[in-house]
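Reader: I have just opened this entry and would like to be taken through it step by step. Could you show me the sequence and the structure before we begin?

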Amino acid sequence: MTNSPNDQTVMKPPRAQVGPVAWLRENLFSSIPNTILTVVGMFLLYWILKGLVTFAVLEATWVASDGAGCAKNDGACWPFIFAKFSQFMFGTYPEAERWRPKLVYLLALGALVPLMANGMGEKRKVLFWLIAVSAVLVILRYAFEFTGSAFTGFTEMVDPVFLVLACVFAAIGALLEERTGKTVFAIFFFVIYPLIAWLLLSGGVPGLPFVPTNLWGGMLVTLVVATVGIVAAFPLGIALALGRRSQMPIIRTFSVGFIEFVRGVPLITILFMSSVMLPLFLPPGWNFDKLLRALIMVALFSAAYLAEVIRGGLQAIPRGQFEAADALGLNYRQKMSMIVLPQALKLVIPGIVNSFIGLFKDTSLVLIIGLFDLLGVVRQNMTDSKWYAPTTVLTGYLFAGFLFWLFCFGMSRYSQNVERRLAAGDRR
Amino acid sequence: MASRADTLSQPPVRAKPAEPSFLNRREVRQALYQIALVVALVAFFYFIVTNAAENLRRQNIASGFDFLDRVSGFDVSQNLISFSNTDSYGRAFIVGLLNTIVIAVIGIVLATILGFIAGIARLSKNWLIARIAGLYVETVRNMPLLLLLLIIYFGVLKPLPGPRQSLNFADSVFLNVRGLYMPRPEWLAGSGIFLASIAVALIAAFVVARWAHARQMRTGEQFPTGWTALALVVGLPALTFLATGRPLAFDYPKLQGFNFTGGMVVQPEFMALLIGLTIYTGSFIAEIVRAGIQGVPKGQWEAARAIGLHGGQVLRLVIIPQAARIIIPPLTSQYLNLTKNSSLAVAIGYPDLVNVGGTILNQTGQAVEVILMIMAVYLTLSLLTSAFMNWFNTRMALVER
């Protein structure tokens, strides 16, 4: 043990046992079956990537003014996406009023960044990425514009004002939260914000012309249906979960019956019910907004699923907590709202986020009852004869798929993050 | 101790708690809440039933289930039992139901296979294989199933070439825009013996396995059950097949004019729905399987190795039986989800229950009855599946000693 670390005579370990070669040997070629698997995997990956890259990049059309321009190539027709991008986001919402949904998005961003990110470190990270991505997009946009590039699609798609404002709103939210704490933001987001959002989107007051819901569309409808669905389902889900554990037989039977019924049938049949049966059940002459009808059904549907998630949280609360609350002389409402539910809900945050992801994906079904969510608007625009080309359909679906994936993947990562944070608290 | 008994025998004088007022008593409160719920429900149903009756009367729509016997007048593109447009609505409904069951059963089998492969692959020591499985799971899980179905159907299967330019696999399997054409097996004389021999081989293999297990329990001697079963199941039918003079022929699809004749065809709607349901549910099952295997404590692996079991035995005898207990309950709900999700067939035109039901609804206008029937079927399927899986789960459950 006389060798000092920088003694020249110390032999380096054999090259096959450290570094990339060793890594390859251990992880890819450790045995003959393993080597075969690796080779098969490489072929599979090559085949998939080759197909995707060929379609989306190598043979894709980037600049064209209509479908005929796209038909020259075998790959994706990206100009279709660039030209229709604002429709995909807002549907047929009037051009002059689009600042309203944008403001609604911005307010949500300003409230959600501080609500979801924990501590200044995470908030800084979120802000950094938001600013970095926005900056790159804005710079690219002006670069294309000033160099007079033919690639105008990008210029049409990127809205620099919105991106700058998004960074500003998120930053203000993050800074404000340092002073006020999360509770204020939670109250704002769950109580005040929905009212503001409805007023802004629907209008009908001086200064804000009325925009009927049949003009809403695209991502706007997807987000509205998913968010309202989950927020409205939340109190209902708590009530059903408590009802299922109640000692009162009629209330328990009703809760179990409702939950099992809704979970036992496909969402499609419930949506069908809203579109063909609901009009029958209302007195003649009554009429319901189509979007509102879908919202009610989606909320009832997700309430049943949320109830089961929340029930899981309630079951995880140790009995001692209930008994301690009883011993303190709290009544049922106090016991639940001050002792049990805060703990139970905290436990099931990942489950709630997962239900939200499920609901977000399920909103695509509203296209079957004639509402134009993101997928619905994409489908609607595919039939535009100006953009007819053999690959338009697949391009549109791939783009919609990418947007859905982006949202759902982001949320599932967030839920894993929360799960880790909660688990870390328990380990300590 | 005696003094304690004394105090117990004389109940201490306690101030009687003040009797709560009538409305504050627990039983009264509970009764009131429940009566309120019942009244609200009765009022709600009275409201919708009277309205529905009034609306139906105004629109001249009959109610009741008489329409099920009327002639349907439409065709269904895929039917397991014979169906033509002169058959009744009731029969059409059953055709749709059977189509739903077919897609659900095949989908469940395939999704389970794919899910187990992907779930185990995600835990593989092989870095590349684990990454590919992860890529598959994370991509598919985060996309709506409806979109997946539309991509497969409209993006992949519809742009396929017509029959004349079919993709040709060894001149026997053809893939084109009208579907997948495959040779159809034709059973000639003597095939009954061949089919019977398969059944006999299966039963024999089962009997041998039970005998070998019983003997191992009794004496500890092992028997090569796997090889024997393989020899029985492959060998016996092969022998009878040759002995009876090869009673199996294939009817190959042939291109005649603008279309194929002969063979059998899998319709593109069925293929799209099956592929979509399989890869979507498979990605969820993969996650369940991964969590199940990771849920088995590491010590179990090490203990199994320590008593000298080899790789396959470790999995088969120690890990899988324990992982199965974690896997089965969420797997059940995935099977139910797949069955319910098959209703998305309506978006690509596969004639499942909801699709056929929708057609009946449009023709007869009897929305309430049709939707109630569809919901009743799904509820029954759900309850049956969960009953079966509960039974299976109790069989697999840990027997606590």
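**Strands, a helix and a contact**

Author: Let us begin with the strands of chain B in this predicted model. Three bridges join strand β1 (residues 167-169) of chain B to β2(B), and these two strands run antiparallel.

Reader: Which residue of β2(B) stands opposite N168(B)?

Author: The strand in question, β2 of chain B, covers residues 173-176, and its partner across the antiparallel pairing is β1(B). Within that pairing, the residue of β2(B) that stands opposite N168(B) is F174(B).

Reader: And what is the bridge partner of F174(B) in β3(B)?

Author: Strand β2(B) is also joined by three bridges to strand β3 (residues 179-182) of chain B, and these two run antiparallel. A hairpin of two residues leads from β2(B) to β3(B). In β3(B), the bridge partner of F174(B) is Y181(B).

Reader: Which residues of β2(B) point to one face and are buried?

Author: In a regular strand the side chains alternate between the two faces of the sheet. Strand β2(B) shows such an alternation, with V173(B) and L175(B) pointing to one face and not buried, while the residues that point to the other face and are buried are F174(B) and N176(B).

Reader: Which residue takes a positive phi in the hairpin of β1(B) and β2(B)?

Author: This hairpin has three residues between the strands. The positive phi, near 55°, belongs to A170(B).

Reader: How far apart are the end C-alpha atoms of helix α11 of chain B?

Author: Helix α11(B) runs over residues 353-364, which makes twelve residues. At 1.5 Å a residue, it should therefore span 16 Å, and the distance between its end C-alpha atoms agrees with that expectation, at 16 Å.

Reader: What do the buried residues of α11(B) pack against?

Author: The buried residues of this helix are L353(B), V354(B), N355(B), V356(B), G357(B), G358(B), I360(B) and L361(B), and just after the helix G365(B) takes a positive phi of about 75°. The packing of those buried residues involves both chains: on chain B they meet α3 (89-122) and α12 (367-396), and on chain A they meet α12 (267-281).

Reader: Which element gives the largest share of the side of chain B that touches chain A?

Author: The contact takes 45 residues from chain B and 44 residues from chain A. On the side of chain B, the elements that give two or more residues are α2 (26-58), α4 (127-141), α5 (145-157), α10 (311-341), α11 and α12. By class, that side has 30 nonpolar, eleven polar and four charged residues. Its largest share, twelve residues, comes from α2(B).

Reader: Where in chain B is confidence lowest, and where is it highest?

Author: The mean pLDDT of chain B is 83, with 94% of its residues at 70 or more, and for the complex the predictor gives an ipTM of 0.84 and a pTM of 0.84. Within chain B, confidence is lowest in helix α1 (residues 2-9), at a mean of 51, and highest, at 92, in helix α8 (residues 268-294).

Reader: How far apart do the C-alpha centres of domain 1 and domain 2 of chain B lie?

Author: The domain assignment of chain B gives domain 1 as 22-58 and domain 2 as 93-164 + 267-396. Between the C-alpha centres of these two domains of chain B, the distance is 40 Å.

Notes:
Residues numbered from 1 in each chain as written. Chains lettered and ligands numbered in written order. Predicted model: local features only at pLDDT ≥ 70, side-chain atom pairs only at ≥ 80, totals over all residues. Helix = DSSP H or I, 4+ residues; strand = E, 2+ residues; numbered from the N terminus. Expected span 1.5 Å × (residues − 1). Buried ≥ 20, exposed ≤ 12 C-beta atoms within 10 Å, placed from the backbone. Contact = placed C-beta atoms within 7 Å. Pairing = 2+ DSSP bridges. pLDDT = per-residue confidence, 0-100. Nonpolar A, V, L, I, M, F, W, Y, C, P; charged D, E, K, R; others polar. Domains from an automatic or database assignment.
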